[in-house]
Amino acid sequence: MDKLLPKLHKLTQNLWWTWKPEVRTIFRDLDLDLYHKAHRNPMSFLKLIAPEKLERRASDVDVPARVDRALRQLHEYLTPATTWGLTHTGAMRSRPIAYFCMEFGIHESLPIYSGGLGILAGDHLKSASDLGIPLVGVGLLYHEGYTSQVLNSDYWQQDVVEPFDIADLPLVHAKDRHGEPILVAVELPGRIVHAAVLEVLVGRIRLILLDTRVKQNDPQDVALAARLYGGDQRMRIEQELLLGVGGARALRALGITASVFHLNEGHSAFALLERARHRIQADGMDPHLALQEVASATVFTTHTPVDAGHDRFPADLAAEHLRTLAEGLKLPLVEVLGLGRVNPHDHGSPFLPTVLALKLSRRANGVSALHGVVSRKMWNHLYPGLREDAVPIGHVTNGVHLPTWLATEMNHLYESHLGVGYQSALTRPDTWAKIMGVSSAEIWETKQVLKARTMRFVRERHAKTRARLGLPEIEPVPLDPDALTIGFARRFVPYKRPDLLFTDLDRLDRLVNDPDRPVNLIFSGRAHPADNTGKGLIQKVAKLLEDPRFRHRILFIENYNIHVGRMIYQGIDAWLNNPQRPLEACGTSGMKVVLNGGLHISVRDGWWAEAYDGENGFAIGTGEIHANQAIQDERDAEDLFRLLEEEVVPLYYGNRNAAGVPRCWVERQKQSIRTLAWRFNADRMLQDYVQHLYLPAAVGSSCQMPPA
């Protein structure tokens, strides 16, 4: 025991375990209930487990040998002989990419994320680690995290703050060469805010997080980074200054000279002004040349085609906060403010960090092919004289980190048929072509195992919600385990239309309660704490459970997070995505379902617009949009009902063999995996960023020709 506990602690010190199920299983096997009570956080778990129980269970489940094996695998992972990055990233190994993001979704035990942007950032770091790409993440440590969702008796979302203990995470204070903790300072109106620089290892990647809980700050400034997306516009611009300016200064304090700044959304755009300010102050550069140099080494990714999704700071608020930076840049304040204005000469117009990022980056991208088109149209007015198709915004379609989201059973199936080393060749079509030779029975049986686990999970979660609200248990148990089960889980906002199927409740009743071909619907998702419209949509969905027609067919699962998402993605039969086209920039949840053998049912938006081939899932509508959104909603609702009634449900229940396997459904599952898995994974995404954006921005390409 004296030797085992330090080894277990060593395993927890790198978040590599978050995508290694065999490591997580070590802790699960010691005490499953305690593991979940500790929010599936191994460090918290080791504090809670009684030493005598640890000793007893360790021998029962052969923990010492499993821990030694895991530590050996971690060492081999951290000291590879070769990686894709070692071969392809060249000079960036000495000058890494600095990847800035407002949120990072690594694991549910580190609640510094709210949704898709953070999850994407977490997957970005993990795949960069797997590929050996030299990259450093930069973000903020929100010591109160985001919020947890709890529904009240009227099914209205309550936003509960659940601070986490930094001691339960493998965060370490960065220190200078004298062994002193590193602090950075950021000038805000009338004061200076300080932040400690903390680091956490995500495999081979360093993630730098700034923490305002230092003695130099007064309570107001400690609270500045307390909560993700909290407070008013003043707090928002100050958080973004802390992230951008403070993050750039933290890199310098750590001795990291980045070749490229990659801004994941506009929240960190102030990093570019700070980078230019430093060149001007340290190297005597001309201000305009410094801004040009910064732009040439910047990659900017925009994620939202929704106009309201871009921050707009009032002119006076922006002027107040950018005065010190303008002085450091040796530029008139009005000129600096103009960098963030659509019309720089309109001195009363708001300041947009997205506009600043677009003007100070030579390489910008949307996150799907269609989103690239939408973004060029959306920002065409920033580039007067250019045709819409000549606007310098491209696209890199998002992907998901397969090891994070893949069920263990599916991984075993893939290893058996694609080869034990298939994860090192995820982006090769021939790797996934082998899925066509797998027997339909094996795929079906694997999915049934995953489906049973998902059913248990959602029923238990729903039962706990009802018990907390003082509601009676639903009898018989909801959700027929043999029924076609469709999932819908995401942020609840009107354009994502979570209530599209509720436009005709009688028709929905006939669909889900067909005695021979029933359908289950599982919903989950959260609204922003300030979004009462989104909360109203949640209430509308959840209240449907009061209708006896739907009580056994439809469930809403509260507090959607990484864990809940993973449990739903892995076991449902199909995934529903029905936003207003073209407002879904990409949408990655469906990719996670596809990797786990589920089929995607979606509007031709985001990634599905470039992925659907007619046989690898289902498409709602034709992709054409009516000028009147109300009419379009009616069309999409009709198309969705017809698609479910005439294609999806018949395919699931039809053409079954003697063992009950729906052969045509499974053939479509195979086609889905074969055509989509190699393209829509984060390894392919990172390789695209390296080859088409990072290397050119770092002046590291062997060949690049300017356009004619």
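Contact means heavy atoms within 4.5 Å. The exercises below use that cut-off on a predicted model, where local features need pLDDT of at least 70, side-chain atom pairs count only at pLDDT 80 or more, and totals for chains, interfaces and linings use all residues. Residues are numbered from 1 along each chain as its sequence is written, and side-chain values use heavy atoms, with hydrogens and water left out.

**Exercise 1. The surroundings of Gln-149**

Task: Place Gln-149 in the fold, state whether Gln-149 is buried or exposed, and list what Gln-149 touches.

Solution.
- Step 1. Find the element. Gln-149 sits in strand β3, residues 148–151. Helices (H or I, at least four residues) and strands (E, at least two) are DSSP runs, numbered from the N terminus.
- Step 2. Check the cover. Buried means under 20% relative accessible area, exposed over 50%, partly exposed in between (1.4 Å probe, protein chains only). Gln-149 has a relative accessible area of 2%, so Gln-149 is buried.
- Step 3. List the contacts. Residues up to four places away in sequence are not counted. Gln-149 then touches Gln-157, Gln-158, Gly-525, Arg-526, Ile-538, Phe-556, Ile-557, Glu-558, Asn-559 and Tyr-560.
- Step 4. Pick out the polar contacts. A polar contact is a pair of N or O atoms within 3.5 Å; within protein, one must be able to donate a hydrogen and the other to accept it, and residues adjacent in sequence count only if both atoms are side-chain atoms. The side chains of Gln-149 and Gln-157 are joined by one of 2.9 Å. A polar atom of the Gln-149 side chain also lies 2.9 Å from the backbone oxygen of Gly-525.

**Exercise 2. Thr-83 in its loop**

Task: Where is Thr-83, and which residues does Thr-83 contact?

Solution.
- Step 1. Thr-83 belongs to the loop between α6 (63–78) and α7 (84–88).
- Step 2. Its relative accessibility is 9%, so Thr-83 counts as buried.
- Step 3. Leave aside neighbours within four places in sequence. Thr-83 is then in contact with Leu-131, Gly-132 and Arg-204.
- Step 4. Look at the backbone. The nitrogen of Leu-86 lies 3.0 Å from a polar atom of the Thr-83 side chain.

**Exercise 3. The cover of helix α16**

Task: How many residues of helix α16 are buried, and against which elements do they pack?

Solution.
- Step 1. Helix α16 covers residues 369–378. Seven of its 10 residues are buried, so the helix is mostly covered.
- Step 2. Name the buried residues. They are Leu-370, His-371, Gly-372, Val-374, Ser-375, Arg-376 and Met-378.
- Step 3. Recall the helix geometry. An α-helix has 3.6 residues a turn, so residues three or four places apart point the same way.
- Step 4. Find the partners. The buried residues of α16 pack against β11 (363–366), β12 (393–395) and α25 (608–611).

**Exercise 4. Backbone exceptions**

Task: Locate the cis peptide bonds before Pro-476 and Pro-582, then the positive phi angles of Glu-265 and Arg-497.

Solution.
- Step 1. The bond from Glu-475 to Pro-476 is cis, with omega near -10°. Pro-476 is in the loop between α20 (440–468) and β13 (484–489).
- Step 2. The bond from Arg-581 to Pro-582 is also cis, with omega near 5°. Pro-582 is in the loop between β16 (574–577) and α24 (589–595).
- Step 3. Glu-265 is not a glycine, yet has a positive phi of about 80°. Glu-265 lies between β9 (260–264) and α11 (270–283), in the loop. At a relative accessible area of 6%, Glu-265 is buried.
- Step 4. Arg-497, likewise not a glycine, has a positive phi of about 50°. Its loop runs between β13 and α21 (505–512). Arg-497 is buried, with a relative accessible area of 3%.

**Exercise 5. The whole chain**

Task: What radius of gyration does the protein chain have, and what would a compact globule have?

Solution.
- Step 1. Count the elements. The chain has 28 helices and 18 strands.
- Step 2. Apply the rule. The radius is taken over C-alpha atoms, and the globule rule is 2.2 Å times the number of residues to the power 0.38. For 708 residues a compact globule would have a radius near 27 Å; the chain has 25 Å, which agrees.
- Step 3. Add the spans. Along its principal axes the C-alpha trace covers about 80 × 70 × 55 Å.
- Step 4. Check burial. Of the 708 residues, 60% count as buried.
- Step 5. Check contact range. Among contacts between residues at least 6 apart in sequence, 74% join residues at least 24 apart.
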